[in-house]
Amino acid sequence: DFVAKFSDYFLTHDALPLPCEYRARFKELSRGQLSPIILETMNKVAAMLRNSKKTIDCTIEVGGDLHIQIMLQRLTEGLKVRWLIQESFLDKARALLLSNTKLPEIRVTPRIPLHLYLTEGEAACCLRNIQGIFDYSTLFGEDPAFLTWTNDLYNREWQKAKPWHP
């Protein structure tokens, strides 16, 4: 039902990089809302990061400087922030972080299977399109099942990744 509900999205986006057990659990995302418009997605993610009360977990493949700056600000406000960074982004991440005295907890992985932003009450996830890039067509959800799926996947990838310090 989930794939049928978002069939246009799955015709143009690649779910194969996800571990098969997470593709089998797609039903947990069925209460999510799709935001296919870049500016709308960017604004929703920014609001999500600003409204977080405790934690922010994020995958980073390319630099969304606005979102990175919001997360760094929230880190100075006492939130727990974790970044799972794709290896290809390390040079840019190093340059961004050298000027900061407080750093998120960071781990590095060869390839991120999907782009995720997670807080204690909301999540956003985005698959690469069939050209292999993230196009900001993003699923947002606050439903407990949606949050469980995204948290489980993030934590699985986090455990496999290597700790990193700039």
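Asp65, Ile68, Gln69 and Leu72 in helix 5 meet Lys92, Leu96 and Leu97 in helix 6. The residues of this contact between helix 5 and helix 6 divide into 4 nonpolar, 1 polar and 2 charged. The model in which these contacts are found is a predicted one.

Two packed helices are described by the angle between their axes and by the distance between those axes. Helix 5 covers residues 65-76 and helix 6 covers residues 90-97. The two pack at an angle of about 45°, and their axes are 12 Å apart. An angle over 35 degrees but under 65 falls in the class called oblique. Helix 5 and helix 6 are therefore oblique to each other. Their crossing is right-handed.

Which residues of helix 6 are buried? They are Leu90, Ala93, Leu96 and Leu97. These residues cover an arc of only 125° around the axis, which puts them on the same side of helix 6. Two of the names, Leu96 and Leu97, have already appeared in the contact with helix 5. The cover over the buried residues of helix 6 includes helix 5, and also strand 3 (80-86) and strand 4 (105-109). On the face of helix 6 turned away from the buried side, the exposed residues are Asp91 and Ala95.

Next comes a single residue in another helix. Thr41 lies in helix 4, which is made up of residues 38-51. Is Thr41 buried or exposed? Its relative accessible area is 1%, and buried means under 20%, so Thr41 is buried. Leaving out residues up to four places away in sequence, Thr41 touches Ser35, Tyr136, Thr138 and Phe140.

Arg23 can be read in the same way. Arg23 is placed in helix 3, residues 20-23. The relative accessibility of Arg23 is 28%. Partly exposed is the class between buried, under 20%, and exposed, over 50%, so Arg23 counts as partly exposed. Which residues is Arg23 in contact with, once its neighbours within four places in sequence are left aside? The contacts of Arg23 are Ala15, Leu16 and Leu18.

Tyr136, one of the residues that Thr41 touches, also gives a distance to Arg23. Along the chain, Arg23 and Tyr136 are 113 residues apart. In space, their C-alpha atoms are separated by 20 Å.

Definitions and conventions. Residues numbered from 1 in each chain as written. Predicted model: local features only at pLDDT ≥ 70, side-chain atom pairs only at ≥ 80, totals over all residues. Heavy atoms only, no water. Axes fitted to C-alpha atoms, helices over the stretch in contact; angles between N-to-C directions. Helix = DSSP H or I, 4+ residues; strand = E, 2+ residues; numbered from the N terminus. Parallel < 35°, antiparallel > 145°, perpendicular 65-115°, else oblique. Left-handed = near helix turned anticlockwise from the far one by under 90°. Contact = heavy atoms within 4.5 Å. Nonpolar A, V, L, I, M, F, W, Y, C, P; charged D, E, K, R; others polar. Buried < 20%, exposed > 50% of the residue type's maximum accessible area, 1.4 Å probe, protein only. Arc of directions from axis to C-beta.
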